[in-house]
Amino acid sequence: MTKANQTGAIELENLHLSLDSDAGQVDILRGINLTINRGETVGLVGPSGSGKTSLLMIVSGLERATSGSITVAGQNITQANEDALALFRRQHTGIVFQNFHLVPTMTALENVALPLEFAGKSHAFDAARDQLKAVGLDHRIEHYPGQLSGGEQQRVALARAFVTEPTLLLADEPTGNLDGKTGDHIMDLLFDLHSRKGTTLLLITHAPALAQRCERLLNMSDGHIISDELTA
Amino acid sequence: MNNFSLAWRIAKCELRSGIKGFRVFLICLALGVGAIAAVGSLSRAVTQGLLADARFLLGGDVSVRMQHRPIEGEQLNLLKSRASKVSSVTEMKAMAQTPNNRALVELKGIDQHYPLVGTVTMLPSGPLQDRLVFKDGAWGAVVEQGLLAKLNIKVGDRVRVGEAFFQIRAILIKEPDRVASVLNFGPRFMVSAQALPHTKLIQLGSQIRYYERILLPTKTTASDFIKNLGQHFPEAGWRVRGPDKAAPGLQRFVRRLSLFLTFAGLTALLVGGIGVLGATRSYLQSKTSTIATLKCIGAPGGLVFNAYFLQILILSFIGIMVGIVMGALLPFLGVALVHNQLPIAPIAGIYPLALLKAAVFGMLTSATFVLWPLAQARETPAGNLFRTNVMPLSLWPRWIYIGFIFSGVLSLGALVIFWSQERNFAYWFVVVSLVTVVLLRLGAVAIMQFAQRVPRPQNAIFRLVLANLYRPGTSTPSIVLAMGVGLSVLIAVALIQGNISRQVEETIPEQAPAFFFIDIQPDQVTAFDKALKAIPGAHDLMRMPSMRGRIVKINGVPVDQVDIKPNVKWAVNGDRALTYAKSPAKGTEIVAGKWWNENYQGPPLISFDARVADGFGVGVGDTLTLNVLGRDITATIGSLRRIDWRTLRFDFAIIFAPGTLEQAPQTHIAAIKADAVAEPRIENSIAKMFANISTIRVKDALVAAGKIIKGVGAAVTATASLTVIAGIIVLAGTIATARAQRVYDSVVFKVLGATRRQIITAFLWEFGLLGLFTGIVGALVGTFISWAVIKHIMAMNWVFLPNQVIMTILSAALFTTLIGFLGTWRALGEKSSKHLSNE
């Protein structure tokens with residue numbers, strides 16, 4: 001992993017992602033060039049299959065690009081190995097998914113403390129407790145995910161994403177599985193945490209209203225960014 | 001459509017997706033059923049082989065044996081009048097000597113009709129009788145190869161037995177009536193009956209067995225013949241055997257061995273049952289959405305239960321059939337591989353009863369173990385079924401299902417006991433199995449409690465590891481139970497065998513004499529005593545007169561009308577050694593009554609073995625009537641002694657007070673302890689001075705006994721290993737069914753910044769600790785079982801043997817880690833994006 005220039009939180013150059021399938025090669029991303037500045041909130045919209053989630057996976061180091069260069073938080077992760085990517089995620093990113101992806105056999109507190117524990121932080125549980133309090137779940141810390149509602153589970157996921165104080169927060173349709181009111185509440189929480197911590201936010205969403213809450217809006221189609229504009 | 005048809009249709013639909021999730025289920029059942037079927041079939045093959053060889057083993061249709069005196073007069077006349085042909089055989093122990101070497105042999109004198117059935121195989125081959133005639137100044141002898149090696153001689157050389165010289169004329173390859181005995185004291189030395197008197201070993205009171213082998217006319221059955229003999233001479237004191245008791249010792253040995261092997265098979269099936277339970281539970285969990293959907297659209301719990309119970313029954317049937325086929329075929333292979341090493345030729349075949357029993361055990365086990373998760377699924381509300389990861393099927397089933405499960409367990413236990421030929425052992429097996437399962441379940445709870453209560457480690461990996469041991473849906477209970485049963489059995493078998501071997505190899509030699517001497521004639525005793533006492537290093541000489549007598553009445557009632565406990569029946573089966581003494585031998589432990597005065601000269605009085613007395617239901621003041629050389633003597637029990645025969649202490653079950661047996665024909669037997677350096681001198685000196693006295697080296701007997709214990713131990717351990725294999729399969733199955741969860745966990749861990757090393761370390765520690773804890777629990781349970789068996793069933797001193805236990809614990813930890821690792825390492829290679837996408 002090499003140091004790049006310090007200007008952008010995310011810098012992608014001529015990024016390609018192709019996957020082999022039974023039907024032949026499928027081009028998911030076709031030459032993405034993108035820079036997202038530190039502290040910026042960016043909404044990523046587009047139809048299903050346009051490559052939004054793949055882009056997020058590559059930015060988080062969970063998927064390898066076929067070609068191109070990826071620099072995130074000043075680190076070029078294009079050629080980084082699995083362990084270096086794990087370290088990178090631990091230090092710089094927080095991720096929130098539509099399906100929450102909590103560890104079902106761990107309590108809310110254990111789920112939130114987990115990334116800090118992987119990082120070997122001794123204050124993992126204290127920090128996790130604080131973060132759960134911040135998302136209003138201090139009374140549910142010993143509950144397992146299955147004992148929590150969808151909104152509560154997503155709040156746990158948010159707490160877990162923020163507990164490491166990441167420089168970059170990646171969110172993949174975080175309200176997709178929630179009703180409107182709960183979804184609004186989660187988004188308020190997300191933007192509140194962003195504004196308090198100054199985190200860069202890349203948000204994938206199908207909801208135009210949500211996208212409009214971001215400072216910048218990217219529109220993807222068929223593996224390309226077809227528009228990049230500032231919101232009002 | 002009625003409930004059953006609908007259930008059947010649902011079951012068929014569900015089975016369309018194949019049996020992929022049921023591999024462990026099928027293997028577990030097939031393995032357990034296969035083991036029981038194979039052991040049962042093999043046991044039947046050996047029994048059938050014994051029956052088929054019965055005439056060879058008996059040496060005729062019926063064999064009549066008398067000890068100490070030949071069958072003569074009216075008795076012999078009757079035998080000859082009812083038989084189509086009779087052959088006389090005489091057997092005894094004797095010393096064969098060359099100028100430089102000597103060896104204890106099993107001397108056999110045969111008449112001209114021997115063998116009535118079968119043929120004797122020799123090298124070089126030729127007519128047997130021709131080999132045994134007196135020629136070139138010596139009688140002929142045909143001997144086993146082992147003797148040639150022991151005496152360092154070859155065919156053609158001469159050997160002295162008693163006062164006679166024999167020339168070795170051929171090597172005995174196969175003797176049709178030689179039954180493999182548990183303890184053989186020496187190689188066969190076959191001579192002509194005419195040669196025997198020249199040895200001067202045929203003395204009154206010598207330890208000689210006289211046989212009359214009988215061929216019956218075609219219209220006479222062996223049982224009729226035996227019955228007729230009993231009616232004519234009810235108190236003859238002979239032992240008459242027909243085809244059903246051709247080799248009672250071997251039959252008993254085979255019965256016991258197959259019993260223990262069946263127990264090992266049943267234990268494997270028990271472990272298989274745990275696998276069946278786990279597989280059913282995980283299958284039902286994988287079917288939660290289907291079950292929930294069925295319930296949501298109005299399916300009653302009973303319908304759901306029936307549909308899945310039918311599926312399990314069909315799958316059980318498949319597993320059992322695979323096991324039955326394996327169990328039916330394996331004995332053919334086994335017999336083909338080992339038939340040369342067995343004393344009889346087993347008849348491999350399809351034995352339907354043995355297979356049916358295994359199938360019944362399999363079906364009952366399967367039905368009993370699957371009921372719990374099925375009944376839970378029946379009761380669980382549809383909503384809960386959607387949250388099985390944190391709310392595993394945990395409701396209590398209805399009482400009726402608990403009743404069925406209880407009945408299943410009871411039926412299994414009852415069948416084990418009912419179908420066993422040794423119900424006492426079977427009863428203990430059932431009790432020990434139940435206790436083991438309960439102890440292991442408690443052990444699993446203890447492990448989970450420990451993991452939950454131990455202070456939370458600083459290291460996240462260790463915290464994760466410990467947490468995984470007690471979390472909802474953890475595999476700790478099933479792994480502890482499945483692996484624990486196998487480990488408990490292995491450790492119990494190892495400790496029991498180790499303790500018995502220790503008794504034979506260490507404890508007994510400390511207490512036992514170095515030599516026993518038999519057939520010492522009364523006129524030789526002074527010289528014999530003098531010769532032994534003159535040898536430095538020889539000490540504690542004990543010599544006693546010995547004669548044989550048969551217990552014919554207990555308190556005046558014929559023995560066949562007395563209810564005698566099975567464990568002491570041996571005491572009334574034929575002649576027993578008797579002696580007389582003025583004073584008790586050193587170390588005698590009198591537990592009731594008192595020893596007589598040294599100058600006692602009253603009516604016959606005896607001191608009796610306390611354990612046999614208990615089996616007879618008699619005590620001090622009661623009477624025993626003994627037939628000694630045809631004369632009935634009724635003696636009063638004056639005292640009871642506790643005798644531990646296992647120490648090979650020189651003792652007699654019945655000792656007469658002075659004044660009764662002194663004039664009866666008798667020989668003496670003796671025992672002596674000796675330092676190791678004195679042993680060769682004792683052997684040489686007695687052999688040179690007294691050609692008729694047979695010397696039995698205790699060490700040789702102990703080595704032979706030790707070999708048998710090790711052989712039996714190896715057979716039981718090999719079968720018990722099946723239990724461990726079953727445990728490993730269950731372990732692998734448990735890990736495989738949790739694989740999806742592991743993959744998911746590792747993906748989420750990666751998202752949260754965990755390195756591959758951290759994830760691997762967590763998995764390795766989790767399985768290593770689980771294996772270690774399981775090993776410790778298994779060791780505790782196995783040690784407890786071995787203690788209970790050695791101390792309370794075998795009434796021996798129990799010693800903890802740590803090496804085996806530590807090795808087993810470490811192996812368990814290693815194996816569990818290895819299998820856990822193999823089952824989960826691929827989880828690390830899974831692409832994260834596949835599991836994280838929103839679809």
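Q: What makes two helices roughly parallel here?
A: Angles under 35 degrees count as roughly parallel, over 145 as roughly antiparallel, 65 to 115 as roughly perpendicular and the rest as oblique. In this predicted model, local features need pLDDT of at least 70, side-chain atom pairs count only at pLDDT 80 or more, and totals for chains, interfaces and linings use all residues. Residues are numbered from 1 along each chain as its sequence is written, while chains are lettered from A and ligands numbered from 1 in the order in which they are written.

Q: Why are H9(B) and H12(B) called roughly parallel to each other?
A: Helix H9 (residues 248–286) and helix H12 (residues 352–379) of chain B pack at an angle of about 30°, with axes 9 Å apart. H9(B) and H12(B) are therefore roughly parallel to each other.

Q: Which residues of H9(B) meet H12(B)?
A: Among them are Leu266(B), Gly273(B) and Leu284(B) in H9(B), and facing residues in H12(B) include Phe361(B), Trp372(B) and Ala377(B). The contact divides into 12 nonpolar, seven polar and one charged.

Q: What is Val191(B) in contact with, leaving aside its neighbours within four places in sequence?
A: Being in contact takes C-beta atoms, placed from the backbone, within 7 Å. Val191(B) has such contacts with Leu107(B), Trp139(B) and Phe166(B), among others.

Q: How many residues of chain B are in contact with chain A?
A: There are 26 in chain B, against 32 residues of chain A. H22(B) gives the most to the chain B side, with four residues. By class, that side has 10 nonpolar, 10 polar and six charged residues.

Technical notes:
Contact = placed C-beta atoms within 7 Å. Helix = DSSP H or I, 4+ residues; strand = E, 2+ residues; numbered from the N terminus. Nonpolar A, V, L, I, M, F, W, Y, C, P; charged D, E, K, R; others polar. Axes fitted to C-alpha atoms, helices over the stretch in contact; angles between N-to-C directions.
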